[in-house]
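Let's take a walk through this protein together, with the sequence and the model side by side. Keep your viewer open and follow along.

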Amino acid sequence: MTKPIITRFAPSPTGTLHIGGARTALFNWLYARHTGGKFLLRIEDTDRERSKPQHVDAILGSLRWLEIDWDGEPLFQFARADRHREVAEQLLAEGKAYRCYLTAAELDAMRQAIDAERALAREEKRSPRGPQTIQSPWRDRDPKEAPAGVKPSIRLRAPRAGETIVEDQVAGRVVVVNSQLDDMIIVRSDGAPTYNFAVVVDDHDMGITHVIRGADHLNNASRQTQVYRACGWDVPVWAHVPLIHGPDGAKLSKRHGAQGTEEYRALGYLPVALRNYLVRLGWSHGNDEIMSTEQMIEWFDLGGIGKSAARFDFAKLADLNGHYIRKSQPAEIKARLKDALPEMENGGEIGSALDRLGWERLDAVLPALMERAKTLKDIPAGASFLLQQRPLKLDDKAAKLIDAETKTTLAALAADFAAAASWDAATLDGVIRATAERMGKKLGQIAQPLRAVLTGTTVSPPVGDMMVALGREEALARIGDQAG
């Protein structure tokens, strides 16, 4: 019987969810859902000084916003320290680990000696001499010889001869000569389990079959493989995904722009667009660029992961986001906007104003705004005319459209609008056309000044839709402020 596929995402709550971490979570989630397996979540909170509850909340919140769900409850690594030490004690009992009484000063001296020899070898253009890893003398010494008052660490009794081989689904076969690896510490002298050891124990106990993570963890795979073998456990399938780089080819950082997933939410991106964009950063399915979540799940496999770092293209993400905005229903976009506004710059003020006016005011202009928007932030920007106070301040381009003749035209328009049988876009557009024809003017000679006095600018949604959004009283008042 084939074992079910179980993947995991294991963030450290020392900060918010980085966009690279979001992609790692997505890949694990997709592979689990694709295979009908499970996707588990583990919070690696062993760094007690930097791990914060608010970071845990932010990470979980970001995953929920991305609509990445997990199976069961999150597991917290710190709470499992006793289990980690239990396994370490078992390895001690089996002779697969030993207590090391090297002091901090001795370890530091050994590291300095190794570093000095490496530096000298580079200078003399030769291979380093002597051991190039920490070789603890306590591997073969009797613990009875231990100095008084020294608390020991516990080291894995790693093989000195031969090779450790990592068969990676992305990087291929990685061979590490065992003599290049020291006997790694699995429990520190203060009793705290080390990362590479705790991860293996947790992954084994959680039944993880596939470890899909960033390529920066590839060096850990050989050490973790040695722990698996010492414990007599099955080694999981490894898949180390190349990192995300910025547009300039350097590792993605703050100087490239937004990093944290919550920043993309505040910038007005839709979760479906960010998922679609992230899945294409380092994975491909033919030439498909736009794909539904159902298609991602159907198509995702480890063979589609590329070997090269992906470059983050903010313009491409914005275009993709615009596509999903246009494909969405106005009601969904309005709900997304309500949810995201508190996190946007000046969003609280805009949200309060729309609360006062009534969000239904957006309904008339929202479809037109969605056609042009690349992010949700573009929608309140395009609807800013709703929030302006009378009398409107016209920008330079708008002000140039208003002269004595235009004021007369606006006055005629105001009278015709006031007499309109109903206040809907079709009726109001008909009034504009009829007034232009009666006055012998082109439609643009009427519509552009009207747009200017209604919004203070020369760019806006369609005039009829905009007047419906403003309402009869406000629209007529704005026209009247400029009419002759």
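The paragraphs below go from the sheet and the cores to one helix, and then to the salt bridges.

Please keep in mind that this is a predicted model. A good place to begin is strand β1, residues 6–9. Ile6 and Arg8 point one way from this strand, while Thr7 and Phe9 point the other way, and all of them are buried. That pattern fits a general rule: in a regular strand the side chains alternate between the two faces of the sheet. β1 pairs with strand β2 (residues 38–43) in the parallel sense, over four bridges. Within this pairing, Arg8 stands opposite Leu40 of β2. Zoom out a little, and you will find an open sheet of three strands in the order β1-β2-β3, with parallel pairing. β1 and β3 stand at its edges with a single partner strand each, so one side of each has no neighbour in the sheet.

Now turn to the nonpolar interior. In soluble globular proteins, nonpolar side chains tend to be buried together. Here the largest nonpolar core has 97 residues, and Phe417, Leu450, Leu454 and Met467 touch the most other members. Helix α1 (residues 19–35) gives the most to this core, with nine residues. What does Leu450 contact, leaving aside its neighbours within four places in sequence? The partners are Leu410, Leu413, Phe417, Ile432, Val463, Met467 and Ile479. Two of these names, Phe417 and Met467, you have already met among the residues that touch the most other core members. There is also a second, separate core of 27 residues, which includes Leu40, Leu91, Ile154 and Cys231. Leu40 is the β2 residue that Arg8 stands opposite.

Helix α4 is a nice one to inspect by eye. This helix covers residues 104–124, 21 residues in total, and reaches 30 Å from its first C-alpha to its last, close to the 30 Å expected at 1.5 Å a residue. Its buried residues include Leu107, Ile114, Glu117 and Ala121. Viewed down the axis of α4, the buried residues fall within an arc of 95 degrees, so they line one face of the helix. The general background is that an α-helix has 3.6 residues a turn, so residues three or four places apart point the same way. On the face turned away from the buried side, α4 carries the exposed residues Ala104, Ala105 and Glu123. Strand β5 (153–156) is included in what covers the buried residues of α4. Just after the helix, Lys125 takes a positive phi of about 55 degrees.

Charged residues come next. Side chains of opposite charge can pair when their charged atoms come close. The model has 35 salt bridges. One of them joins Glu67 and Arg275, with the closest N and O atoms 2.9 Å apart. This pair links distant parts of the chain, 208 residues apart: Glu67 sits in the loop between α2 (53–65) and β3 (75–76), and Arg275 in helix α8 (residues 271–279). Are the two partners buried or exposed? Glu67 is partly exposed, with a relative accessible area of 36%, whereas Arg275 is buried, at 5%.

Another salt bridge joins Asp182 and Arg223, at 2.9 Å from N to O. Asp182 lies in the loop between β7 (172–177) and β8 (185–187), and Arg223 lies in helix α6 (residues 218–231), 41 residues apart. Asp182 is buried, with a relative accessible area of 14%. A further pair is Asp339 and Arg265, whose side chains meet at 2.6 Å, N to O. Asp339 belongs to helix α11 (residues 330–340) and Arg265 to helix α7 (residues 261–266), so this pair ties together parts that are 74 residues apart in sequence. Asp339 is partly exposed, with a relative accessible area of 42%, and Arg265 is buried, at 18%.

Salt bridges can also share partners. In this way Arg8, Arg42, Glu44, Arg80, Arg83, Glu86, Asp202, Asp203 and Asp205 are joined into one network. Arg8 brings you back to strand β1, where this residue is buried.

One last stop is Asp216, in the loop between β9 (210–214) and α6. Asp216 counts as partly exposed, at 48% relative accessibility. Asp216 and Leu243 are 27 residues apart in sequence, and their C-alpha atoms are 7.5 Å apart in space.

How values were computed:
Residues numbered from 1 in each chain as written. Predicted model: local features only at pLDDT ≥ 70, side-chain atom pairs only at ≥ 80, totals over all residues. Heavy atoms only, no water. Core = buried A, V, L, I, M, F, W, Y, C linked by side-chain atoms within 4.5 Å. Buried < 20%, exposed > 50% of the residue type's maximum accessible area, 1.4 Å probe, protein only. Helix = DSSP H or I, 4+ residues; strand = E, 2+ residues; numbered from the N terminus. Contact = heavy atoms within 4.5 Å. Expected span 1.5 Å × (residues − 1). Arc of directions from axis to C-beta. Salt bridge = Lys/Arg side-chain N within 4 Å of Asp/Glu carboxyl O. Pairing = 2+ DSSP bridges.
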